[in-house]
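Reader: I should like a close look at a single part of this protein. The structure is placed below for reference.

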Amino acid sequence: MKYHSHLDTQVTAEFGDALLASLAPDGGLWMPDKIPHFTPDKMAVLGAMDFADCAAKLATYFTDNRFDETTLKALCADAYNFDVPMVTFVGQRLDPAMPVQADEFVLELFHGPTLAFKDFAARFMGRAASHLMKKSGERRTILVATSGDTGGAIGDAFLGQDGVEVFILFPKGGVSTVQERQLCTIGKVGSNVHAISIDGTFDDCQALVKAAFADQAMTKRFDLMSANSINVGRVVPQSFYYVWASLQAKAAYPKRKLVMSIPSGNLGNLTGGLMARAMGAPIDRFIVANNANDPFVDYLVDGEYRPRPSVPTLSNAMDIGRPNNFPRILSLFGDDIDAIRSACWGVSFDDDATARHIRRVYQDTGYLLCPHTAVGHMGILTFRERHDIDATFLTVGTAHPAKFADSLEGIIHKDVPLPPSLAAAMTRKPRVTTLLPTLEALSDYIASELG
Ligand SMILES: *Cc1c(COP(=O)(O)O)cnc(C)c1O
């Protein structure tokens, strides 16, 4: 597969080069040149595979000749060694062989090592980049801004890999206690993963990473590579679970439509979903659920895109005022807002509504929603109030609730038990450096760590 810049279709690259370069030379975002389309027959074959095999098969279309089928199969089997369940709030599991007669499920994408859906992209990307560097003997410095979950997933996915040094920038005080501990305990002394607490907001972190990549000298000096969702290597694997999950849901309930709700921030997850839909995945509509940071929902309503500074909310991984995949969505639809609206329906919720919803679902069913997933589920309820359709509704569950134990305990007034991996992180000694949000401070720090 070739990729082109969203700014100029003449600027092209192979997958491996687009992955390592992060941005196109003209500053554009890499887009797949031609998204493959699968007939229902071919889709049925993909849907009958387990998730890792389905992902590997799809990956053959999106990579290049440095990735043969055997490599991709091993890569995906290694990356996706965890469960991808679709469950009701009372624990019934969607299984095409034994469909339960419910119409709402949570697609739990948080059973990977860092308990957030970002593991799907990070683990594919980390292995793909490492495969390329083993072939070429090159080195890369990975720079990633995180509002909580990305940094953990990237750090975990790249830890201990030769030829890569990872720097994770997070906003000081802007991530949950558990997330911060997770981020700051991945790298041990002398290891290749470094956590940096930036004296600023997530937007400052993201702006800093963008500025570093815009600085030719710095990019060259450190061989910078981005692991944020500006990197097409993050977005492509996020299409895989939409293809697979939609096929499972359709196999169980062939007559129903399928509506999926995505709690969204930078819109990388939505971009993956829209790519899956373009491949022919049987998804009728996406609900794009935002918190108070809702420039995309506003855009769907009045057609005006007004990026703005982000405000902090309970669902901090979605505190994005300027979603960096917005241009990708315009590009996928050739700037046709009506086409975008026919694929996406948007709605946003404030923290009060989110907290009430978490409490209610927990009291009624015992299921504890993370604040992001709660926003997604409320999106489904509101959509159903306004549309009378017979559909299977999947809420994309983006994180395990325990990652947000501090805020959830204040909402449900109960202890939220930590799964063993998080409990272990809480006992390790954090290793973190605090920096001002300036390119100079960042550059000096990276230079001192690279030695
Ligand atoms: C990153 C993240 C989101 C937002 O995903 P985008 O791809 O940025 O839209 C939602 N929920 C959680 C838990 C996340 O970590």
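How exposed or buried is lysine 57, and which side chain does lysine 57 meet in a salt bridge?

Author: Some conditions come first: this is a predicted model, in which local features need pLDDT of at least 70 and side-chain atom pairs count only at pLDDT 80 or more, while totals for chains, interfaces and linings use all residues. Residues are numbered from 1 along each chain as its sequence is written, and side-chain values use heavy atoms, with hydrogens and water left out.

Lysine 57 counts as partly exposed, at 28% relative accessibility; the scale calls a residue buried under 20% relative accessible area, exposed over 50%, and partly exposed in between (1.4 Å probe, protein chains only). Its side chain meets that of glutamate 69 in a salt bridge, with 3.3 Å from N to O. A salt bridge here is a side-chain nitrogen of Lys or Arg within 4 Å of a carboxyl oxygen of Asp or Glu. Helices (H or I, at least four residues) and strands (E, at least two) are DSSP runs, numbered from the N terminus. Lysine 57 belongs to helix 3 (residues 51–62) and glutamate 69 to helix 4 (residues 69–79), so the pair ties together parts 12 residues apart in sequence.

By the rule for salt bridges, the count comes to 18. Another of them joins arginine 384 to glutamate 104, with the closest N and O atoms 3.0 Å apart. This pair links distant parts of the chain, since arginine 384 is in helix 17 (residues 371–386) and glutamate 104 in strand 5 (residues 104–108), 280 residues apart. Arginine 384 is partly exposed, with a relative accessible area of 30%.

A salt bridge within one helix is found between arginine 341 and aspartate 338, at 3.6 Å from N to O. Both residues lie in helix 15 (residues 337–343), three residues apart, or about one turn of the helix. Arginine 341 is partly exposed as well, its relative accessible area being 25%. Elsewhere, salt bridges link Asp294, Asp298, Asp302, Arg306 and Arg308 in a network.

Helix 4 spans residues 69–79, and cysteine 76 counts as buried, at 0% relative accessibility. The number of disulfides (pairs of cysteine sulfur atoms within 2.5 Å) comes to zero. For cysteine 76, the nearest cysteine sulfur is that of cysteine 54, 9.4 Å away.
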